[in-house]
Amino acid sequence: PYVHAKVVSVDGEVASIGSANLDARASFWESEANVVVQDTDFASSLEAELQKLIDGSDALDPDSEYWKRERAQRAVVKTLWPGVFYS
C-alpha cells in the first residue's frame, strides 16, 4: 500500500498532519487536506512518538551488501514508480 500522509511538528508547539504537500503548489492546485493542531501537549507527544520510531529504525546504508543485493528490485520499482525513495 502507498501512504501519502505527511506529519510535521514545530518546536513542540504546533503540528500538521494530513496528505497535503507543504508547498505553494499544493495550496493552490491539489485537493489535499491537513489538520493543524496548536497544542503543546499534542505536539510534544507527537514528537516523542516520532522520535521512538526514528530510534527504532534501521539506517539505510547504500554501501552495504544488503543494499547492493536489492539493486535489481530497486530498478523495477524505479521504472514502475519513478521518484519513490526506495529507488
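Me: In which helix is Phe 42 found?
Reply: The model is a predicted one. In this model, the helix that contains Phe 42 spans residues 40-55. That element is helix H2.

Me: Is Phe 42 buried, partly exposed or exposed?
Reply: Phe 42 has a relative accessible area of 34%. A residue counts as buried under 20% and as exposed over 50%, with partly exposed in between. Because 34% lies between these limits, Phe 42 is partly exposed.

Me: Which residues make the nonpolar surface patch of about 220 Å²?
Reply: One contributor is Phe 42, which belongs to helix H2 and has a relative accessible area of 34%. A residue needs over 30% relative accessible area to enter a patch, so Phe 42 passes that limit. The complete patch is made by Val 7, Ile 17 and Phe 42.

Me: What pattern does the chain follow when read along the sequence?
Reply: The chain holds four helices and three strands. Two strands precede a helix, after which come a strand and three helices. The pattern is therefore written as β-β-α-β-α-α-α.

Me: What is the order of the three strands in the open sheet?
Reply: The pairing in this open sheet is antiparallel. Its edge strands, each pairing on one side only, are E1 (6-10) and E3 (34-37). Neighbouring strands are turned by 10° against each other on average, direction ignored. Strand E2 covers residues 14-18 and pairs with E3 as well as with E1, which agrees with the order E1-E2-E3.

Me: How many bridges join E1 to E2?
Reply: The two strands run antiparallel. One of the bridges links Lys 6 to its partner Gly 18 in E2. Two strands count as paired if they share at least two bridges; here the number joining E1 to E2 is five.

Me: Which residue in E3 is the bridge partner of Ser 16?
Reply: E2 and E3 pair in the antiparallel sense over four bridges. Among the residues of E2, Ala 15 has Val 37 as its bridge partner in E3. In an antiparallel pair, a step forward on E2 goes with a step back on E3, as these partners illustrate. The partner of Ser 16 is Val 36.

Me: Which residue takes a positive phi in the hairpin of E1 and E2?
Reply: The hairpin has three residues between its strands. The residue in question lies in the loop between E1 and E2 and is exposed, with a relative accessible area of 68%. Its phi is about 55° although it is not a glycine. This residue is Asp 11.

Me: How far apart are the C-alpha atoms of Ser 19 and Ala 5?
Reply: Ser 19 sits in the loop between E2 and helix H1 (24-29) and is partly exposed, with a relative accessible area of 21%. Leaving aside neighbours within four places in sequence, Ser 19 is in contact with residues including His 4, Ala 5 and Lys 6, and also with Glu 32, Ala 33 and Asn 34. Ala 5 and Ser 19 are 14 residues apart along the chain, yet the separation of their C-alpha atoms is 4.5 Å.

Me: Which residue forms a salt bridge with Lys 52?
Reply: A search of the whole structure finds one salt bridge, and its closest N and O atoms are 3.2 Å apart. The limit for such a pair is 4 Å, so the distance qualifies. Both partners lie in helix H2, three residues apart, about one turn of the helix. Lys 52 is exposed at 55% relative accessible area and its partner is partly exposed at 41%; that partner is Glu 49.

Me: What percentage of the 87 residues in the chain is buried?
Reply: The chain exposes about 7,200 Å², of which carbon and sulfur atoms supply 58%. Among contacts with a separation of 6 or more, residues 24 or more positions apart account for 34%. Buried residues, those under 20% relative accessible area, make up a share of the chain equal to 14%.

Notes:
Residues numbered from 1 in each chain as written. Predicted model: local features only at pLDDT ≥ 70, side-chain atom pairs only at ≥ 80, totals over all residues. Heavy atoms only, no water. Buried < 20%, exposed > 50% of the residue type's maximum accessible area, 1.4 Å probe, protein only. Contact = heavy atoms within 4.5 Å. Areas by Shrake-Rupley, 256 points an atom, 1.4 Å probe, with all protein chains shown as cover. Patch = residues over 30% accessible without salt bridge, like charges linked within 9 Å, V, L, I, M, F, W, Y side chains within 5 Å. Salt bridge = Lys/Arg side-chain N within 4 Å of Asp/Glu carboxyl O. Axes fitted to C-alpha atoms, helices over the stretch in contact; angles between N-to-C directions.
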